[in-house]
Structures are given as structure tokens and as C-alpha cells.
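Please open the structure in your viewer and keep the selection tool at hand. The stops below move from one selection to the next, with a word on what is found at each.

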Amino acid sequence: GDRGGRRPFVQAWRDDSCDAMPPRKRKNKAEGEGHEEEVEKKPKVVEKGQDVDERGCVVREATPRAGPVPEDRRSWTGLFWNVNGMRALMRDKKKDLMKHVEDCDPDLLCLIEHKLQEKDVDGMLQQMNNELPGYAGCFTCSQEKKGYSGVAVFVKGKLPAPSAGSNGKKAATSKKIQSFFRPSQQTDGKDSGVERDALKVLSVRCGMNKTVDKEGRMITIEYEGFYVVNVYVPNSGDGLKRLDYRIHEWDKDFREYLMELQRSKPVVVGGDFNVAHLDKDIWNVEAKHIPKSAGTTPEERQSFTELLDSGFVDTFRHRHPGASGCFTYWSVRANNRPRNRGLRLDYWLASSSLYSSDSPIQVHDSWHCDQDNGYGDHCPLAITLRLPLTT
């Protein structure tokens, strides 16, 4: 935070990536069609609302990580990523996924918008079992159209057979696989054989209780002390054609579903919510098209406020309330990621009770895995909870 009256440290987003953009070229007809002269490319004037450096890159404020979990507590970490197609990810950028898994060591990994059909799941589960031994996987797929939506989760240890929610079908799930846990780090470099037990999963549910989840948008994992909901919220679409459905049906049912879960135990929710909540979550918030664009309409932003008001905390904003330039989505078509011109559409939310000082389970850290300027239009997000050692 800002201490002693000093301005918080800020850093430009990938200075080298901005420098890497080649200067614009134009033909000089006097020299002949084959000759081009270099024309210095001046940074475009961007909308107000974010700090921009001289190269046109939106400045990302530093968001320091929390320290280690105390020795008298155990940790649980969740990692999710909208991968915009799992086949392409595993074919072209598998190393990116493996690097994030290695860095975060998640107890639960969620991949959103996998775009697989049910017939593709067995093959993908086998591939994932080979890449992530010791994780058991579960998929829910869109039944509405091909190459669309879909959520997959992978947990350390074992998964019980999933219930079908309200769509009448069980989600595809992996068969029993070998047990695996990473050994703890030893200062002498030797494996002591001490392993961290995986947190037991009590149940798995696909979809919501009331809503027919034909688009494969949600999986709920139940642990002893809390629920984890992994979600891909519908986009309002071109011309906002699904805005009414999104606001008056999906958001309403989703909010009621989460409140129902909260009546029995705290809830952690991670996923692509397809909404930029605050002005600082939008790189060009003063642009005229923003109130009329999917994900940034006043209706969607207000609906997200209502979700938070029902008992949830935006965990990243709670930890970094004033940080600007922190986004999770960048348009690939506009090549916006090198210049950090993005939106914050992805979130980890948590029941407000998980911030109570007397709660046995508490939110420890929440962060964006956005520093590598890597694959896709979204970055992964992670969260760590502090739990009693006996959980």
C-alpha cells in the first residue's frame, strides 16, 4: 500500500513488448513503389481512466503476493483459466499450462471454455492423466451446439461420481487413477517420504439446482469445510441479444444457487463472469461504446454488485483495492495484450465469512497469473485459503 505519503510503485506492462512493435511504414512514391521509409509511430491517445506510458502501454500497478501460510495452518489453492479451446491449448501451448500448474501447485485446477463434446472427453482425460498424474478430472459439455462453452475440473486425489444437477445427465469423469501427491521440499535435497494429503472431495455437481445447464457452464466441488463453484457466465453477445437472459434469468438463478450453498458452509467461486465491475477494471472506460458493449453495460455491472451484496467478496480487489491496470482479458484481434489494454472479466469470489477473524477457514491470497504475456486472451487466476491442519 501507499505508506509514508509516497506514491505506490508502478511498473509498465512488459516494456520490451511495447518496444517490440515495429514502426509503421508508408510507401514513398517519389522513390519508387519498392522503397519504404520508416515513419516514427506515435502512441495513440487513449481514453482517460488508466495511466498510460509514452509507448501507449497501460501501466500495471504492482500487486504484491501474501507471505507463506503459517506453519500451524495448511493451505488449499485453486487455479482456473479460460483457455478458449482445450484442444488448441494442449496441442500448441501445453507448456504454458504445465508452468502455471508447477508454479501454483493447485489442489483444484479448473479449465473454462474447453469447447469439447462428450465424445471427445475420454481422449482428453487420458491426455490430462498423462500430463497431471494424481489429478482426477470431470467435464461438463455444451449440449446446445458444438465447439462451445464447457467447464472441466481436476482435483488432487479422487473424485466421487458427479451428480447431474438438473440436466438429467452425469458429466463425463475420469476413471480411478493412481494416487499421487508431491513430496514436501527437504533442505537436504532428499525425499523424506512425507506427503501432503489431498483434501477429500465429498461431492461433485454439474449445473445449478433450478437451471437446466445445457451449455455446460458450472461444476461445484464440495469439501468438508467449504464449496468451490467453477463457472463460465454467459456472454451478453453481439448486439446484447442475450442481455435480458443474462440479467433476469442466469444471474438471478446463479445468485440464488450460491446463497443456497452458503446456508450450509462458505463458498468460493472462480470463473469468467463476463463483466468488468469497476471503472478501473476497464482500460478505456470513458469510450462511448463501453456502456453499450457486452461485459461493460451498466446492467451487467449492477448485477455483479448485487451478487457481491448477497454476501461475497471480490478477493483480488479486497487485497488490492486501488490497483489499476490489472486485467484478465485482452482482445487478441486488436493485439491488446502487449499494450495491456484489457478488461477484468475473471474473478475469485469468496463468502464474506471467510474474512472473519474467528473463521477456521480464511482467504490467504488472491492473484492474477498475468506477468508472462503468454497464451490466449485470458490469464489464469489463483487463490489460496488457510485451513486448520486437521481439515
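**A tour in selections**

Begin by selecting Asn84, which is partly exposed, with a relative accessible area of 30%. The model in the viewer is a predicted one, and in it Asn84 sits in the loop that runs between strand β5 (73-82) and helix α2 (86-92). If your viewer reports backbone angles, look at phi of Asn84, which is near 50° and therefore positive in a residue other than glycine. Most residues other than glycine have a negative phi.

Next, select Glu113, which lies in the loop between β6 (108-112) and α4. Phi of Glu113 is near 60°, again a positive value in a residue that is not glycine. Is Glu113 buried or exposed? Glu113 has a relative accessible area of 14%, and because the limit for a buried residue is under 20%, Glu113 counts as buried.

From that loop, move on to helix α4 and select residues 118-131, a run of 14 residues. From the first C-alpha of α4 to the last, the helix reaches 20 Å, which is close to the 20 Å expected at 1.5 Å a residue. Now colour the buried residues of α4, which are Asp120, Val121, Met124, Leu125, Met128 and Asn129. In an α-helix there are 3.6 residues a turn, so residues three or four places apart point the same way.

The next stop is a pocket. The largest pocket holds about 1200 Å³ of space. Which residues should be selected to find the centre of the largest pocket? Among the 42 residues that line the largest pocket, those closest to its centre are Asn235, Asp238, Asn274, Ala294 and Tyr329. Add the strands β15 (329-330) and β16 (342-343) to the selection, since each of them supplies at least two residues of the lining. Coloured by residue type, the lining of the largest pocket divides into 14 nonpolar, 16 polar and 12 charged residues.

Finally, select the whole protein chain and look at the overall picture. Its secondary structure comes to 7 helices and 19 strands, and 52% of the 391 residues of the chain count as buried. Among the contacts in the protein chain with a separation of 6 or more, 73% are between residues 24 or more positions apart. With the surface switched on, the protein chain exposes about 19200 Å², of which carbon and sulfur atoms supply 47%.

Conventions. Residues are numbered from 1 along each chain as its sequence is written. This is a predicted model: local features need pLDDT of at least 70, side-chain atom pairs count only at pLDDT 80 or more; totals for chains, interfaces and linings use all residues. Side-chain values use heavy atoms; hydrogens and water are left out. Helices (H or I, at least four residues) and strands (E, at least two) are DSSP runs, numbered from the N terminus. Buried means under 20% relative accessible area, exposed over 50%, partly exposed in between (1.4 Å probe, protein chains only). Contact means heavy atoms within 4.5 Å. Accessible areas come from the Shrake-Rupley method with a 1.4 Å probe; for residues, only the protein chains shown count as cover. The expected span of a helix is 1.5 Å times one less than its number of residues. On a 1 Å grid over the protein atoms alone, a cavity is a set of points where a 1.4 Å probe fits but cannot get out, and a pocket is an open set with protein on both sides within 12 Å along at least five of seven lines; lining residues have an atom within 4 Å of a point. Grid points are joined across faces, edges and corners, and a volume is the space filled by probe spheres set on the points. Ala, Val, Leu, Ile, Met, Phe, Trp, Tyr, Cys and Pro count as nonpolar, Asp, Glu, Lys and Arg as charged, and the others, Gly among them, as polar.
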